[in-house]
Amino acid sequence: MIQHRKVHGFPVCHYRMEFALWIRKAIFEEDFDALAIELPSSVRKGYLAAIDRLPYLSVLIYKDHKGDNIYLPVEPCDPMAEAVRSARERGLKINFIDLDVDDYPTQRELLPDSYA
């Protein structure tokens with residue numbers, strides 16, 4: 001966890017249950033006023049609707065500025081989904097703060113085992 005004054009940053013590996021559990025625990029054990037999530041505000045409505053459907057899986061499909069489809073899976077094992085779900089349970093304000101850009105790098109990086 002990265003901490004600076006009243007801002008906490010939680011580095012996670014997406015779609016990893018271990019990180020989802022860690023985030024849930026942190027949200028309920030710490031005193032937060034709001035949650036900032038690394039998604040653009042353009043997906044807010046659809047993402048929150050997908051969270052309402054959990055534990056059923058959803059895939060948001062939206063178009064980028066070039067007209068290409070972007071696919072965003074929303075599943076219960078993802079730490080971002082769990083963060084939003086837990087923040088809603090606690091009544092926290094949820095902010096979607098990522099930039100809505102077309103040329104986001106799609107580089108896959110080799111990550112260690114979640115338990116490492």
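Where is aspartate 64 placed relative to strand S4 (58–63) and S5? In this predicted model, aspartate 64 sits in the loop that runs between these two strands.

Aspartate 64 is buried, because its relative accessible area of 12% falls under the 20% cut-off. Its side chain makes two polar contacts with backbone nitrogens, one in glycine 67 and one in aspartate 68. The distances are tabulated here.

| Side chain | Backbone nitrogen reached | Distance |
|---|---|---|
| Aspartate 64 | Glycine 67 | 3.0 Å |
| Aspartate 64 | Aspartate 68 | 2.8 Å |

Along the chain, aspartate 64 and valine 101 are 37 residues apart, while a separation of 7.7 Å is found between their C-alpha atoms.

Strand S5 spans residues 69–74 and contains tyrosine 71. Is tyrosine 71 buried or exposed? Tyrosine 71 is exposed, since its relative accessible area of 52% is over 50%. Together with Val59 and Ile61, Tyr71 makes a nonpolar surface patch of about 330 Å².

Elsewhere in the model there is a pocket to describe. The second largest pocket holds about 660 Å³ of space. Which elements give two or more residues to its lining? They are strand S2 (7–9), helix H1 (17–29), strand S3 (34–37) and helix H3 (79–90). The lining of this second largest pocket comprises 27 residues. Nearest to the pocket centre are His8, Phe10, Ala34, Leu35 and Ala36.

Terms used: Residues numbered from 1 in each chain as written. Predicted model: local features only at pLDDT ≥ 70, side-chain atom pairs only at ≥ 80, totals over all residues. Heavy atoms only, no water. Patch = residues over 30% accessible without salt bridge, like charges linked within 9 Å, V, L, I, M, F, W, Y side chains within 5 Å. Areas by Shrake-Rupley, 256 points an atom, 1.4 Å probe, with all protein chains shown as cover. Salt bridge = Lys/Arg side-chain N within 4 Å of Asp/Glu carboxyl O. Helix = DSSP H or I, 4+ residues; strand = E, 2+ residues; numbered from the N terminus. Buried < 20%, exposed > 50% of the residue type's maximum accessible area, 1.4 Å probe, protein only. Polar contact = N/O pair within 3.5 Å; in protein donor to acceptor, adjacent residues only side chain to side chain. 1 Å grid on protein atoms, 1.4 Å probe; cavity = no way out; pocket = protein on both sides within 12 Å on 5 of 7 lines; lining within 4 Å. Points joined across faces, edges and corners; volume = space filled by probe spheres on them.
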